[in-house]
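Hi,

Here is the structure I said I would pass on. Have a look at it first, and my notes follow underneath.

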Amino acid sequence: MEEIVRLTPADYEQAVDFLDLVFSQAKKPHHFEKMLPRLALPDAMTHHFALKRDGRIRAMLGVYPLETTIDGERFLFSTTGNVATHWRETGRGYMSALLDRAMTELHEIGADASRLGGHRQRYNRYGFEMAGTGVSMSLTAHNVQGVPFAPLDLRPVTRNDAETLALIRSLHARSAMAVDRGNDDSLYRVLTAWEAQPFAAFDENNRFSGYLVSAQGGGSLAELKAETPELAERMLLSWIKAYPENGLSLTLPPWEAETIARLSRHCQSLSLNPASQFKIISWTRLISALGRVRSRMKPLIDGECVVNIPGETRFILRVRGGALSCEETALPADLTLDHLTATRLIFGPLPPEAVLPGLSGKGGAMLSALLPLPLSWNGQDRV
């Protein structure tokens, strides 16, 4: 008998073995207990749905709720992940049935938005679209030869280093957008996801300066956060000095504009990329919160525009005195957009003129200054 069920802690061993099998066959060898330690807990099984036949998992996925703060306001984001079907069962519609159940789960838990990774067209029909912005850079030791700086002391962070983990948690929480990473054990599991290693930075007076997360054998920084942009630059230069043999890449969110300006002076290459694939649910709340972040990044132009997304919502974007407001309205629409186009227009990463060429008319100047809003996502939170 086939049935879709919510997994329980008793399913832990079978579920992890199933994920290791499917992903190891499709890609490189996987060991989920090492790669995603935050989920390597029996209690985390309740966030998973599986299609079982005669008690055996044939396909499964997870819907992981993540409390997230944007500009001091609480939201519930969710990651849909670990999407896996046994190779003998593909083409039977199992994953479509599970994704339908996952979309119901988003409604039931009251998610404001969800994200996932994977083939874009596969997930477009569920409302997920490439969006958000990540500023990616790469550089080598040659790029920073002769750059004067005061090195920072980079120390590996261990699971039992409660004092340093508290400093890291505090710094992370001050981000314009931050996922709640839980207690010390949960935080450490996030920092070490994907087999990464966290380091804390201290200055010459032993003051905490920030932290970074090293991945891919040191050739990538999965995360870099500092108390100031100047300290972020010193952290990067200190890392390259310590590990000059490795090329280095990292991605930063758009609201860290001053840090991006400092680091981009050294990089060999730079690109603007979508942060993830997002399904937007609470349009007005997310636009309002991210609009406040945007208004601190650059001046906004006064104006207004009514956006209609048929079957979902109609809202008015209004900028007055450099401040954005967004609320539902019954006024006639200036723009009528499908869900995917609205996601790309409002949340990026491309400028609005690249989504709607020739954007003009009512609110055009305001939209050009306002959009895209600074949505992003850190890779360590992509459970």
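Let me start with a pair of helices: H7 passes H8 in a right-handed crossing (right-handed if the near helix is turned clockwise from the far one by less than a right angle, left-handed if anticlockwise). Before I go on, some housekeeping: this is a predicted model, where local features need pLDDT of at least 70 and side-chain atom pairs count only at pLDDT 80 or more, while totals for chains, interfaces and linings use all residues. Residues are numbered from 1 along each chain as its sequence is written, and side-chain values use heavy atoms, with hydrogens and water left out. Helices (H or I, at least four residues) and strands (E, at least two) are DSSP runs, numbered from the N terminus.

Back to the helices. H7 covers residues 229–242 and H8 residues 257–264; their axes come within 9 Å and cross at roughly 40°. (Axes are lines fitted to C-alpha atoms, for helices over the stretch in contact, and angles run from 0 to 180 degrees between N-to-C directions.) That angle makes H7 oblique to H8; under 35 degrees counts as roughly parallel, over 145 as roughly antiparallel, 65 to 115 as roughly perpendicular and the rest as oblique. On the H7 side the contact (heavy atoms within 4.5 Å) uses Pro-229, Glu-230, Ala-232, Glu-233 and Leu-236, and on the H8 side Glu-258, Thr-259, Arg-262 and Leu-263. Sorted by type, these residues are four nonpolar, one polar and four charged. For that split, Ala, Val, Leu, Ile, Met, Phe, Trp, Tyr, Cys and Pro are nonpolar, Asp, Glu, Lys and Arg are charged, and the others, Gly among them, are polar.

The other helix pair is H5 (residues 162–173) with H6, whose axes come within 10 Å and cross at roughly 70°. That makes H5 roughly perpendicular to H6. Here Ala-162, Leu-165, Ile-168 and Arg-169 of H5 meet Asp-184, Leu-187, Tyr-188 and Leu-191 of H6, a set with six nonpolar, no polar and two charged residues.

Now the sheets. One is open, has seven strands in the order E8-E10-E11-E12-E13-E7-E14, and shows mixed pairing (two strands pair if DSSP finds at least two bridges between them). At its edges are E8 (153–156) and E14 (269–273), each pairing on one side only. E8 and E10 (residues 197–202) are antiparallel over four bridges, and Arg-155 has Ala-200 of E10 as its bridge partner. H6 (residues 184–191) packs on this sheet, touching E10, E11 and E12, with its direction at about 105° to that of E10.

The second open sheet has four strands, E18-E17-E16-E19, again with mixed pairing. E18 (323–328) and E19 (335–336) are the edge strands with a single partner each, so one side of each has no neighbour in the sheet. E16 (residues 303–309) and E17 (residues 313–320) pair antiparallel over seven bridges, while six bridges join E17 to E18, also antiparallel. Val-319 is worth finding on screen: it is the bridge partner of Gly-303 and is bridged to Leu-324 in E18. The hairpin of E17 and E18 has two residues between the strands, and Gly-321 there takes a positive phi near 60°. H9 (residues 283–297) lies across E16, E17 and E18, at about 175° to E18.

Cheers
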